[in-house]
Amino acid sequence: MDRAVDGEAQIHVPDSVMGQPMCPQAEAALAFLYFRATSFALVAQAGVQWRHLSSPQPPPPEFKRFSCLSLPRSWDYRHVPPHPANFVFLVETVFLHIGQAGLKLPTSDTLRKVIQKALESKINYDEIAYYEAGIILCSLLGLLFIILMPLVGYFFCMCRCCNKCGGEMHQRQKENGPFLRKCFAISLLVRTRIKRSRKLADSNFKDLRTLLNETPEQIKYILAQYNTTKDKAFLDLNSINSVLGGGILDRLRPNIIPVLDEIKSVATAIKQTKEALENMNSTLKSLHQQSTELSSSLTSVKTSLRGSLNDPLCSVRPTSETCNSIRLSLNQLNSNPELRQLPLVDAELKNVNNVLKTDLDGLVQQDYQSLNDIPDRVQSQTTSVVAGIKRVLNSIGSDINNVTQRLPIQDILSEFSGYLNNTESYIHRHLPTLEEYDSYWWLGGLVICSLLTLIVIFYYLGLLCGVCGYDRHATPTTRGCVSNTGGVFLMVGVGLSFLFCWILMIIVVLTFVVGANVEKLICEPYVSKEFFRVLDTPRLLNEDWEYYLSGKLFNKSKIKLTFEQVYSDCKNNRGTYGTLHLENSFNISERLNINELTESISNEMENLKVNFNIFLLGAAGRKNLQDFAACGIDRMNYDTYLAQTGKSPAGVNLLSFAYDLEAKANRLPSGNLRNSLKRDAQTIKTIHQQRVLPIEQSLSTVYQSVKILQRTSNGLLEKVTRILTSLDFAQNFITNNISSVIIEETKKYGRTIIGYFEHYLQWIEFSIREKVASCKPVATALDTAVDVFLCSYVIDPLNLFWFGIGKATVFLLPALIFAVKLAKYYRRMDSEDVYDDMENGNNGYHKDHLYGIHNPVMTR
């Protein structure tokens, strides 16, 4: 049967053993084997799997070349993929903290004192010892192990050579022997390298070179944006007619346009009044004539009817009654005499014609045109000033170009470029050597792990042979060869443990001192930024400088420029200028003085003078309005005209009268009288068609004209007075406020032009301070060197190495003891104790001689 132990080791037990019930010793041996295999698998994983962990990962997809003002995102190299060694790494980290749990941990002040003393070449060993107390204690324990282990091994060998300490090949039988075998068997059982870092280094150097190469392009991009700003200003300058002139016109419109619109409506009303008066006057004249003709026609009809009624039949009943009825109705055949009395409107028409001699509508159109000409007049008066402003804007571009060319960023980056070239060549020159040493380190780790593996193999073989060769019925002197071989293998493992344990512990102590100190002094403070805060201690690196960086860069140590702030700003992708506070050597705000650069534009704007005068309507137009108000149309008796237009032109409805007359004639007997009356009825119908209907049409025309005149004349004087008042107000507004309106709009226009460049200059200052030459690649390179390469690639595997080897070495001690004890139960003895009560469960005989061999122990 095969059994997997933690996915790493498999133990094969012969079928001959599995075919029968497993003895307690075999169960104990298998438990022992499982425990050892599991513990050693953890140690092996600490080295093997970490090798995969430390391989450089490819950059994420967003890791691209950065554009003008957009630098690359940071690659957090510290984030490594999950791996089986994480548990061991966590245990090792906890051990480093617990190692100093009982001591007062060193503070940053203590660390500062140690560094300061070291820089002053005055080493204070008391403070160093205080700081290293936990590590020294663990190291002393390791040294104690190194010293005692060879000594103990030496005396153990000497003791066994003297047939002591289990060296005598005799076994005393005990009742708890099987239980001891189980305990001893259960108690037995309990490696990294730097991956190639060339790709990682090349990636960081590529980012840094991109920073160096893109910085000039960023500055060129900033300068190129000035042309965009200038083009925008030039567009407004070329459109000064619509921008400035349109602004002035918009300020004047609300006060002038309503008045002109009202005057224009009055001019239209004057024309409509003339048309209405002309129509009314001509219609009245026609009406007088038509009324006379109607009266004449009705008189003729009445005469004819009276002659017809003198016929003799009218004196004979019943014809006489019809004739009398017709005779009585003749008085209704009369025309309306008041129509001929309606007065004409010649006087009012004459007055309106006199008003129209002045072209009021033309005067209003001239005022409209004067307002609409303001933009063109502004452009014609500002041609020379606009040309001067354009010259100033071109000169500002040259000033900005000169300032940006003198930025110290390029000098710093040029100097940094030299350091970068030297560093890159140094790394590429020594990286093969480092990789070679890395291979040696890897091989050394394999050798050390092989030693531990060799010891474990002997323990495995001893357990396997002992379990497989065990025979419960065999006596200690009759044990088989396989069982005896198992005991020998166990003792070989014990000897190798004494031989190599102290050497392994030396390696563990050395790697522990280096790894633990670097982890505590560099790696952990670097991650928590305590490392930078220590370096920022005033007068730590230079006793004459309060802040080292500002003293180094500007020779002004009072300026607060700290390592922590620089690192944080670089991590946040801030520009080099703002990160290093380069304004202390080259103040971009002073060099790009917005007020100074825009003052020349303001001076040119002060020469922007616009003058024009606007006079609304004039005296002739005003008199024209007054004359129209006094033309008399408001004094006409419109009620008289409206009353007559509602009356019938005749005293009776001629058409009804004719039908009635025709009906009466039909009741008369045939003859001359009847025919005469029918002819008169037809004549009345003809008069209605030819005389009455045209008069009614004329009366309708008079009605419409009267309504137009009545509507126009209603409140005419008050309306004209109000218009004249508004006209005076508008003219006063123009006279009193046109200058201030021009000045305000000119200043607003100037602020717009200047605002373009103020915004551009502010953007330049912000871009140079926050965006140009972003130093994030520098922070990334520092993280790569310290956090990734030193800590993750070197120190973390080193700590895992000493922790895994140390753990395995320490566990060899109990394994050694239990292996010695267990070997006694597997090896073939030269003698043994003998008992008589074997059938009671004892394994042996109480005999002085066993198989003819003298037993010196039993005969004593």
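Q: Why is K520 called buried?
A: In this predicted model, K520 has a relative accessible area of 15%. Buried means under 20%. The value for K520 is therefore on the buried side of that limit.

Q: What makes E524 and K520 a salt bridge?
A: The N to O distance between their side chains is 3.4 Å. The cut-off is within 4 Å, for a side-chain nitrogen of Lys or Arg and a carboxyl oxygen of Asp or Glu. The pair therefore qualifies.

Q: How are E524 and K520 placed in helix α16?
A: They are 4 residues apart in α16 (residues 481-528), so about one helical turn separates them.

Q: Why is E524 called partly exposed?
A: Its relative accessible area is 25%. Partly exposed covers the range between the buried limit of 20% and the exposed limit of 50%. E524 therefore falls in between.

Q: How do you know that D660 forms a salt bridge with K664?
A: Their closest N and O atoms are 3.5 Å apart. The limit is within 4 Å, so the pair counts. D660 and K664 sit 4 residues apart in helix α25 (residues 654-667), so about one helical turn lies between them.

Q: Which of the two, D660 or K664, is buried and which is partly exposed?
A: D660 has a relative accessible area of 39%, so it is partly exposed. K664 has 10%, so it is buried.

Q: What makes E745 and R251 a salt bridge?
A: The closest N and O atoms of the two are 3.2 Å apart. That is within 4 Å, so the definition is met. A search of the whole structure finds 19 salt bridges.

Q: What does the pair of E745 and R251 tie together?
A: E745 lies in helix α27 and R251 in helix α9 (residues 240-309). The pair therefore ties together parts that are 494 residues apart in sequence. R251 and E745 are also linked with E744 in a network of salt bridges.

Q: How do E745 and R251 stand against the accessibility limits?
A: E745 is buried, at 9% relative accessible area. R251 is partly exposed, at 33%.

Q: Why does D236 have no salt bridge?
A: The nearest side chain of opposite charge is K232, 4.6 Å away. A salt bridge needs a distance within 4 Å, so this pair does not count. D236 is buried all the same.

Q: Where does D236 lie, and what does it touch?
A: D236 is in helix α8 (residues 198-238). Not counting residues up to four places away in sequence, it touches V243, Y749, T752, I753 and Y756.

Q: Why are α8 and α27 called roughly antiparallel?
A: They pack at an angle of about 170 degrees, with their axes 10 Å apart. Angles over 145 degrees count as roughly antiparallel. The pair is therefore roughly antiparallel.

Q: What makes up the contact of α8 with α27?
A: From α8 it includes Y221, Y226, K232, D236 and L237. From α27 it includes Y749, Y756, W763 and I768. By class, the contact has 14 nonpolar, 4 polar and 3 charged residues.

Q: Why are α12 and α13 called oblique?
A: The axes of α12 (residues 360-372) and α13 (residues 374-381) cross at roughly 40 degrees and come within 5 Å. Roughly parallel needs an angle under 35 degrees, and roughly perpendicular runs from 65 to 115. The crossing fits neither range, so the helices are oblique to each other.

Q: Which residues make the contact of α12 with α13?
A: S370, L371 and N372 come from α12; I374, P375 and R377 come from α13. They divide into 3 nonpolar, 2 polar and 1 charged.

Q: What makes the phi of L617 worth a look?
A: Phi of L617 is near 70 degrees, a positive value in a residue other than glycine. Most residues other than glycine have a negative phi. L617 is in the loop between α22 (594-606) and α23 (618-629). Its relative accessible area is 7%, so it is buried.

Q: How do you know that A773 is buried?
A: Its relative accessible area is 0%, and buried means under 20%. A773 is in the loop between α27 (716-770) and α28 (776-823). Its phi is near 55 degrees, which is positive.

Q: Why is S600 called partly exposed?
A: S600, in helix α22, has a relative accessible area of 27%. That lies between the 20% and 50% limits, so partly exposed is the right term. S600 touches V392 and I396, not counting residues up to four places away in sequence.

Terms used. Residues are numbered from 1 along each chain as its sequence is written. This is a predicted model: local features need pLDDT of at least 70, side-chain atom pairs count only at pLDDT 80 or more; totals for chains, interfaces and linings use all residues. Side-chain values use heavy atoms; hydrogens and water are left out. Axes are lines fitted to C-alpha atoms, for helices over the stretch in contact, and angles run from 0 to 180 degrees between N-to-C directions. Helices (H or I, at least four residues) and strands (E, at least two) are DSSP runs, numbered from the N terminus. Contact means heavy atoms within 4.5 Å. Ala, Val, Leu, Ile, Met, Phe, Trp, Tyr, Cys and Pro count as nonpolar, Asp, Glu, Lys and Arg as charged, and the others, Gly among them, as polar. Buried means under 20% relative accessible area, exposed over 50%, partly exposed in between (1.4 Å probe, protein chains only). Lys and Arg count as positive and Asp and Glu as negative; His and the chain ends are not counted.
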